[in-house]
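Visitor: Could you walk me through this structure, one question at a time, and show the reasoning behind each reply?

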Amino acid sequence: MKTTIEKIPGDTEGVTYEVTVFRFKGTSRSAPTAYIQAALHAGELPGVVAVHALMPMLRAAEAEGRIAGDITIVPAANPIGRAQYHFGEVQGRFHLGTRTNFNRDFPLIGRPDASALPPLNPASTADTRLKRLLVGLSMGHDIVLDLHCDDEGVPYLYIPAQLWPAMKDCAAAMGVDAVILWDGPSGAAFEEAAIHPYRGMAPEKAGFDRRVVTTVELRGLSDVESSYAKSDAEGIYRLLAVRGVIADEKAAKAKRFTGIAAPIGNVEMIAMPRAGAILFHVQPGQRVRKGAKLATIVHTPGEPDGAIEVRAPQSGYILTRISRRSGRAGDDIIKLIGEVRSAKPKAGALED
Ligand SMILES: [Zn+2]
């Protein structure tokens, strides 16, 4: 395994960011290759600790000559966001200098070749340099995993619709509870940048059956636990074994995916009708019927009619909820995967 440190010049003199990259060399040229990055949204650490738990497993596989395909790992993909502390809290979702989401505006290129990336100019901001670096590092890998987390939620995957159901084995290997299938533009999220070069190709040439591209949502922000880190590392390792990046017959045994898979248009973003305090009546992983009480918003405390109920617009499955217990009118507080298409469908990307 080789370690390299990539440097990104900051937007002011005397500031440089460092991105650590681990590379395992595979023994077979025909085996699929994998790229894994964590914490593109810099405060989302379940993936970071999962990668930390995965590394000893990969080192052991390397020592035994069982790494067939090249593996590139970026354990902490966003040192810029990681350094953005305001009032004691990390602000790792948006670049403060440009107000751009770190998981948007990635370069979309027409062929899977890092040399097709647009050139940087001296005026490019640090976040743009970081995005170019990450796309360049991932380009050409058959398997691309972008490890994120939600606010409070079950483990779930975003997957480009073209790769489903071929990626059912991956969802099963990782043991996720749900899969959201998306199509169309996402605002150039990293996942879109990873699949984009293949979209214009004929299916045989694009090799969709061998390709894995996904944004992995490893539960919620606070789910940074040793037990989850271990089970998530085992899930990623199983995926690598199932797809032949690592030789491990036991781990490669096929599992069945028993979770929910739905198009992104079925997701109901449940918004607050009024500002106030949130009393949730449901939690992620729960199934609800149409009309079920999801939350009570206390908007005028102390008054007899000071609270309003939020109900399920259709039957479905609670995927996530926010971790705060206060909000403004219009704030989304729950993602519900409906049984049918939402009356107000979201296209491309939800939040990550
Ligand atoms: Zn994220």
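What follows is a set of questions and answers on a predicted model.

Visitor: What radius of gyration does the protein chain have, and why does it agree with a compact globule?
Guide: The chain is a predicted model, and its C-alpha atoms fill a box of roughly 70 × 55 × 40 Å along the principal axes. For 352 residues, a compact globule would have a radius of gyration near 20 Å, so the value of the protein chain agrees with that expectation, being 21 Å.

Visitor: Is valine 21 buried or exposed, and what is its relative accessible area?
Guide: Valine 21 lies in strand S2, which spans residues 16-24, and beyond its neighbours within four places in sequence it is in contact with residues including Thr3, Ile73, Val74 and Leu137. Since buried means under 20% relative accessible area, valine 21 is counted as buried, because its relative accessible area is 0%.

Visitor: How far apart in space are valine 21 and leucine 137?
Guide: Leucine 137 is among the residues in contact with valine 21, although the two are 116 residues apart in sequence. From C-alpha to C-alpha, the separation of valine 21 and leucine 137 in space is 8.9 Å.

Visitor: Which strands stand at the edges of the open sheet that contains S18 and S16?
Guide: Four strands form this open sheet in the order S19-S18-S16-S21, with antiparallel pairing; within it, strand S16 (residues 276-280) is joined to strand S18 (residues 293-298) by four bridges. An edge strand has a single partner, so one side of it is left without a neighbour in the sheet, and this applies to S19 (307-311) and S21 (326-327).

Visitor: Which residue in S18 stands opposite alanine 277?
Guide: Strand S16, residues 276-280, runs antiparallel to strand S18, residues 293-298. Across this pairing, the residue in S18 that stands opposite alanine 277 is valine 298.

Visitor: Where is proline 165, and what is the omega of the peptide bond that leads to it from tryptophan 164?
Guide: Most peptide bonds are trans. Proline 165 is placed in the loop between strand S11 (156-160) and helix H4 (168-174). The bond from tryptophan 164 to proline 165 is cis, with omega near 10°.

Visitor: Phenylalanine 87 and arginine 219 both have a positive phi; which of them is exposed?
Guide: Phi is near 50° for phenylalanine 87 and near 65° for arginine 219. Arginine 219, in strand S13 (residues 212-220), counts as buried at 10% relative accessibility. In the loop between strand S5 (85-86) and strand S6 (89-90), a relative accessible area of 86%, with exposed meaning over 50%, belongs to the exposed residue, phenylalanine 87.

Terms used. Residues are numbered from 1 along each chain as its sequence is written. This is a predicted model: local features need pLDDT of at least 70, side-chain atom pairs count only at pLDDT 80 or more; totals for chains, interfaces and linings use all residues. Side-chain values use heavy atoms; hydrogens and water are left out. The radius of gyration is taken over C-alpha atoms; the globule rule is 2.2 Å times the number of residues to the power 0.38. Helices (H or I, at least four residues) and strands (E, at least two) are DSSP runs, numbered from the N terminus. Buried means under 20% relative accessible area, exposed over 50%, partly exposed in between (1.4 Å probe, protein chains only). Contact means heavy atoms within 4.5 Å. Two strands pair if DSSP finds at least two bridges between them.
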